Amino acid sequence: MTEKQPYSVLKRYAEMELRDYPAGMQIETEVTGDFINAGSMGFRPLVNFISGNNRARQAIAMTAPVIQESVTTSRHKVRFVMPEKMDKSNTPAPADSNVKTIEVPAHLAAARKFGGSWSQEKFEKEGSKLLEEVAKAGLVPQGNLYWSRFDPPWKPGFLKHNEVLIRVEKAASKNGI
């Protein structure tokens with residue numbers, strides 16, 4: 001079974017969840033291109049890393065989700081979450097200069113789950129809904145929306161599990177979170 005990024009649900013809302021994510025390690029690459037193709041372009045160097053193309057020549061188990069964040073309309077970050085047991089001391093250095101390891105601090109995020117095939121329009125629609133829900137809940141968003149994909153591209157669309165997320169400030173705790 002594929003290990004999934006850990007989190008705790010702090011509060012469930014009608015259209016989203018407020019989650020607490022522990023600190024963890026991720027690997028990241030940045031690609032240039034359109035939104036939909038960015039995931040495929042970023043996937044290959046990250047798969048190579050976990051397949052042993054790193055300085056330790058260490059194979060690492062695939063985890064879920066694959067994360068994509070648009071920095072601009074043509075620049076996108078694609079990330080793999082490292083297994084929970086990995087930290088700064090035991091995550092190998094990348095052999096590819098286009099891949100970097102990043103320490104992700106513990107944080108709160110609002111998340112909205114949705115199914116179906118991937119399209120830029122669908123992601124934008126779900127992202128808009130999440131931002132509306134975040135505002136209704138009185139939470140303060142931080143940074144960009146990002147997308148979590150849990151399934152391979154060949155899985156039928158009606159079976160796919162996706163999420164859109166955004167970090168929120170801990171200062172929002174005045175709302176009982």
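Arg 19 counts as buried, because its relative accessibility is 0% and the cut-off for burial is under 20%. The model is predicted. Arg 19 belongs to strand β3, residues 17-21. That strand is part of an open sheet of 9 strands with antiparallel pairing. Two helices are described against this sheet: α1 lies across five strands, β4, β6, β7, β8 and β10, and α2 touches β9, β10 and β11.

**Arg 19 and its contacts**

- The side chain of Arg 19 makes a polar contact with the side chain of Glu 17 at 2.9 Å.
- A polar contact at 2.8 Å links the side chain of Arg 19 to the side chain of Glu 163.
- Beyond its neighbours within four places in sequence, Arg 19 touches residues including Tyr 7, Ser 8 and Leu 10.
- Further contacts of Arg 19 include His 107, Leu 108, Ala 109, Ala 111 and Lys 113.
- Glu 163 and Leu 165 are also among the contacts of Arg 19.

**Strand β3 and its partners**

- Of the 5 residues of β3, 4 are buried, so the strand is largely enclosed by the rest of the structure.
- On one side, β3 runs antiparallel to β2, and 4 bridges join the two.
- Val 9 has Arg 19 in β3 as its bridge partner.
- The β2 and β3 strands form a hairpin, with 4 residues between them.
- β3 also pairs with β9 in the antiparallel sense, over 5 bridges.
- In that pairing, Asp 20 stands opposite Leu 108 of β9.

**The sheet as a whole**

- The strand order is β2-β3-β9-β11-β10-β6-β7-β4-β8.
- Which strands form the edges? They are β2 (8-12) and β8 (99-104), and each pairs on one side only.
- On average, neighbouring strands of this sheet are turned by 30° against each other, direction ignored.
- At the β8 edge, β4 (residues 24-32) pairs with β8 in the antiparallel sense over 6 bridges.
- Thr 29 stands opposite Val 99 in β8.

**Helices on the sheet**

- Helix α1 covers residues 35-50 and runs at about 40° to β7 (75-81).
- The other strands it lies across include β6 (66-70) and β10 (141-149).
- Helix α2 covers residues 120-136 and packs on the sheet.
- The direction of α2 makes about 135° with that of β9 (107-115).

**Helix α1 in detail**

- At 1.5 Å a residue, the 16 residues of α1 should span 22 Å, and the end C-alpha atoms are 23 Å apart, which agrees.
- Where does α1 bend? It bends by about 30° at Phe 43, and a proline, Pro 45, follows within four residues.
- An α-helix has 3.6 residues a turn, so residues three or four places apart point the same way.
- The buried residues of α1 include Phe 35, Ala 38, Gly 39 and Gly 42.
- Pro 45, Leu 46, Val 47, Phe 49 and Ile 50 are also among the buried residues of α1.
- The cover over the buried residues of α1 includes strands β4, β6, β7, β8 and β10, along with helix α2.
- At the start of α1, a side-chain oxygen of Asp 34 comes to within 3.2 Å of the backbone nitrogen of Ile 36.
- Just after α1, Gly 52 takes a positive phi of about 115°.

**Val 164 in strand β11**

- Val 164 lies in β11, a strand that spans residues 161-168.
- Is Val 164 buried or exposed? Val 164 is buried, because its relative accessible area is 0%.
- Val 164 and Lys 122 are 42 residues apart along the chain, and their C-alpha atoms are separated by 10 Å.
- Outside its neighbours within four places in sequence, the contacts of Val 164 include Ala 110, Ala 111, Arg 112 and Phe 114.
- Glu 126, Gly 127 and Leu 130 are also among the contacts of Val 164.
- Leu 145, Tyr 146 and Trp 147 are included in the contacts of Val 164 too.

**Thr 63 in strand β5**

- Thr 63 lies in β5, which covers residues 63-64.
- Thr 63 is buried, because its relative accessible area is 5%.
- The side chain of Thr 63 reaches the backbone oxygen of Val 81 at 2.3 Å.
- Apart from neighbours within four places in sequence, Thr 63 is in contact with Thr 2, Glu 3, Val 81, Met 82 and Pro 83.

Methods. Residues are numbered from 1 along each chain as its sequence is written. This is a predicted model: local features need pLDDT of at least 70, side-chain atom pairs count only at pLDDT 80 or more; totals for chains, interfaces and linings use all residues. Side-chain values use heavy atoms; hydrogens and water are left out. Two strands pair if DSSP finds at least two bridges between them. Axes are lines fitted to C-alpha atoms, for helices over the stretch in contact, and angles run from 0 to 180 degrees between N-to-C directions. Contact means heavy atoms within 4.5 Å. The expected span of a helix is 1.5 Å times one less than its number of residues. The bend at a residue is the angle between axes fitted to the seven residues ending there and the seven starting there. Buried means under 20% relative accessible area, exposed over 50%, partly exposed in between (1.4 Å probe, protein chains only). A polar contact is a pair of N or O atoms within 3.5 Å; within protein, one must be able to donate a hydrogen and the other to accept it, and residues adjacent in sequence count only if both atoms are side-chain atoms.
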